[in-house]
Amino acid sequence: MKYNRLLLVSIVCLAVLPALAQNVPPQTLTQLKTYYPDTTLVDGGKANCTIVYPQEEGYAELARDIVAAIKAATGATVPTKTADEYTKADRDTNLICLGRMNNNKLAFDLYVWHYVACDDWFPGPGDDEQPPGFVVRSCCDPWGTGKNVIMLGGTELDGVRLAVEYFKGMIAKGQTLTIPRTVKVQFKGTENLEEFAKTIEPNYHKSFIDLKALPYGAEYKMVRAAEEYFLTGRDEYLKCYALMMRRWMDEYYKWTPGRQITTPKYIIPVMILSYDQIEESPLLPEDLKLEMTNLLYDYVSRMSVHGRIRQLKPGVLADTGLHNVSMTVIYGGDYFKKYYPDADFERIDKGIASVNVGQQTMANSNGFIDNNGGYTASYPRTAAHLAMAMDNYQYFDSGAARRYMEYCFIITGGRAGAFFGRQITPGIIAWYYKDPTYAWYHNWRQGKKTYYPQMTATSISTTLWSYFPNMEERVPQEMIGLHYMPLHETNYEQLKRGKKFVNVPRERSFHQLCMSAMTSTCDLTGSMTVSPTVATAIR
């Protein structure tokens with residue numbers, strides 16, 4: 001009898017060993033945030049929203065058109081204000097946003113956090129063969145106030161006009177007007193959507209769900225599924241996302257705690273943003289969402305006090321902390337503080353403070369860190385994105401971003417090198433400064449000048465959240481010839497802390513990759529043919 005009991009206990013222990021061996025984050029959060037999929041614009045005959053429109057010709061008329069349509073259906077008069085009049089205080093009510101990030105501050109605020117994507121390229125203009133693109137989208141509780149935004153967007157006024165017409169078709173008569181969660185997007189080729197939708201589930205099963213082992217970077221498939229749902233509203237993406245979420249979490253739990261931090265470190269920031277886009281969907285099971293939320297909370301909390309973040313100290317250009325891991329702390333901190341304010345933020349607050357220090361250091365430098373491993377472009381990209389997410393533009397206003405672009409011009413001789421190929425940072429900097437030479441550089445590196453979206457029966461081609469403005473470019477003729485970049489004091493001090501520092505005064509020190517003699521000719525397309533001669537660097 002004792003033997004049988006011992007055998008039974010042994011069998012039970014063996015059965016639970018795999019579960020005990022897994023590194024499952026603590027389920028600290030016991031309840032999901034409140035979801036607000038529906039947007040009540042008129043409640044009991046009283047306006048429950050404000051329309052925010054750009055101060056450009058034609059938009060005031062569209063705003064009045066919406067006001068008239070809602071009044072005719074409900075009797076309520078909805079107030080309006082221009083984008084210049086909009087403030088954060090307006091987030092205490094539901095909003096209707098017209099335009100795009102380039103002409104409406106409200107749209108820009110939503111764009112930073114990937115709630116909307118309307119800019120100079122998306123959803124694109126019309127032509128002789130197709131109407132302009134437009135977007136009608138519910139942005140659900142983007143500020144954590146329980147209030148929503150209805151985005152009526154387009155790249156051009158005619159596209160926004162189509163969005164307004166579509167929205168007016170959703171207005172029902174009665175004293176209460178509630179708009180259900182809506183994703184309506186039209187751009188070039190969306191007439192192929194039904195045919196394209198047939199490829200969604202087979203593709204994600206083949207490339208992720210049914211794989212025996214997930215490859216490095218597989219998480220990007222999850223991000224892409226969420227973003228393409230954002231573009232199409234097709235439920236097939238959400239079905240796949242739920243299966244991928246389950247599969248990925250099971251894989252994540254098998255990793256050691258150290259590997260859990262390091263393996264997905266470059267992907268977690270966009271995972272947070274894309275998850276926030278779709279989690280209101282009822283097609284994602286509640287228990288699965290709660291599990292994923294706890295995983296992300298644990299990850300952000302641990303990363304916030306990880307050595308990569310703790311090394312962000314005044315004046316220290318910490319190359320392993322001034323990239324995506326800093327974005328994880330800020331994006332994750334914003335998400336959990338908005339939606340789970342009762343959570344423990346001791347570690348996250350420490351991380352946010354460290355990232356603030358890192359941003360200040362980047363602003364007081366040459367705007368980048370030389371990195372022979374190919375990460376040079378990661379640091380200004382992160383600094384630029386964090387400037388917008390943290391609403392602190394010191395990286396731009398101090399001139400650090402301009403110094404980075406000067407560096408880019410000086411070493412224009414190769415598209416890849418230390419830049420990881422076609423980086424997007426020059427597009428962001430071109431948007432901030434409205435500098436046509438930065439626009440030229442961005443286009444030159446991308447190898448094209450237009451970035452409009454397109455759908456075929458088998459694929460979607462888009463460039464989302466690039467910030468890049470559709471503006472005239474100018475070849476930087478002034479950069480032809482011999483140029484060099486002196487080391488900024490911060491960069492110089494960073495080298496002094498290294499093992500290979502040569503004791504040379506800062507006044508005679510230059511970036512190793514930056515001292516080039518450049519000759520160039522410009523062809524009719526405005527591209528530059530460069531013949532660099534790299535001089536001896538003095539450090």
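Two strands are taken to pair if DSSP finds at least two bridges between them. In this predicted model, strand β6 meets that criterion on both sides. With β7, which spans residues 149-153, β6 shares 5 bridges. With β9, residues 183-186, β6 shares 4 bridges. Both pairings are antiparallel, β6 with β7 and β6 with β9.

Individual bridge partners fix the register. R137 of β6 is partnered by M151 in β7. V136 has L152 as its partner in β7. On the β9 side, V135 is partnered by V185.

These strands belong to an open sheet of 6 strands. The strand order is β4-β3-β5-β7-β6-β9, and the pairing is mixed. Strands β4 (80-82) and β9 form the edges, each pairing on one side only. On average, neighbouring strands are turned by 20 degrees against each other, direction ignored. Helix α2, residues 59-74, packs on this sheet. The helix touches β3 (49-53), β4, β5 (94-99) and β7. The direction of α2 makes about 140 degrees with that of β5.

Burial of β6 was examined next. The strand covers residues 134-139, and 6 of its 6 residues are buried. In a regular strand, side chains alternate between the two faces of the sheet. In β6, F134, V136 and S138 point one way. V135, R137 and C139 point the other way. All of these residues are buried, R137 and S138 included.

A second region centres on helix α18, residues 425-433. Of the 9 residues of α18, 8 are buried, so the helix is largely enclosed by the rest of the structure. The buried residues are T425, P426, G427, I428, I429, A430, W431 and Y433. They pack against several helices: α3 (105-112), α15, α16 (394-397), α17 (400-410) and α19 (436-446). K434 follows α18 and has a positive phi, near 55 degrees.

Among these neighbours, α15 was analysed in detail. Helix α15 comprises residues 378-389. The axes of α15 and α18 lie 9 Å apart, and the helices pack at an angle of about 40 degrees. Angles under 35 degrees would count as roughly parallel and those from 65 to 115 as roughly perpendicular; α15 and α18 are therefore oblique to each other. Their crossing is left-handed. On the α15 side, the contact involves P380, R381, A384, H385 and M388. On the α18 side, T425, I428 and W431 take part. By class, the contact has 5 nonpolar, 2 polar and 1 charged residues. The α18 residues in this contact, T425, I428 and W431, are also listed among the buried ones.

These two regions sit within a protein chain of 539 residues. The chain contains 20 helices and 14 strands. Of its residues, 54% count as buried. Among contacts with a separation of 6 or more, 76% join residues 24 or more positions apart.

How values were computed: Residues are numbered from 1 along each chain as its sequence is written. This is a predicted model: local features need pLDDT of at least 70, side-chain atom pairs count only at pLDDT 80 or more; totals for chains, interfaces and linings use all residues. Side-chain values use heavy atoms; hydrogens and water are left out. Buried means under 20% relative accessible area, exposed over 50%, partly exposed in between (1.4 Å probe, protein chains only). Helices (H or I, at least four residues) and strands (E, at least two) are DSSP runs, numbered from the N terminus. Axes are lines fitted to C-alpha atoms, for helices over the stretch in contact, and angles run from 0 to 180 degrees between N-to-C directions. Angles under 35 degrees count as roughly parallel, over 145 as roughly antiparallel, 65 to 115 as roughly perpendicular and the rest as oblique. A crossing is left-handed if the near helix is turned anticlockwise from the far one by less than a right angle, and right-handed if clockwise. Contact means heavy atoms within 4.5 Å. Ala, Val, Leu, Ile, Met, Phe, Trp, Tyr, Cys and Pro count as nonpolar, Asp, Glu, Lys and Arg as charged, and the others, Gly among them, as polar.
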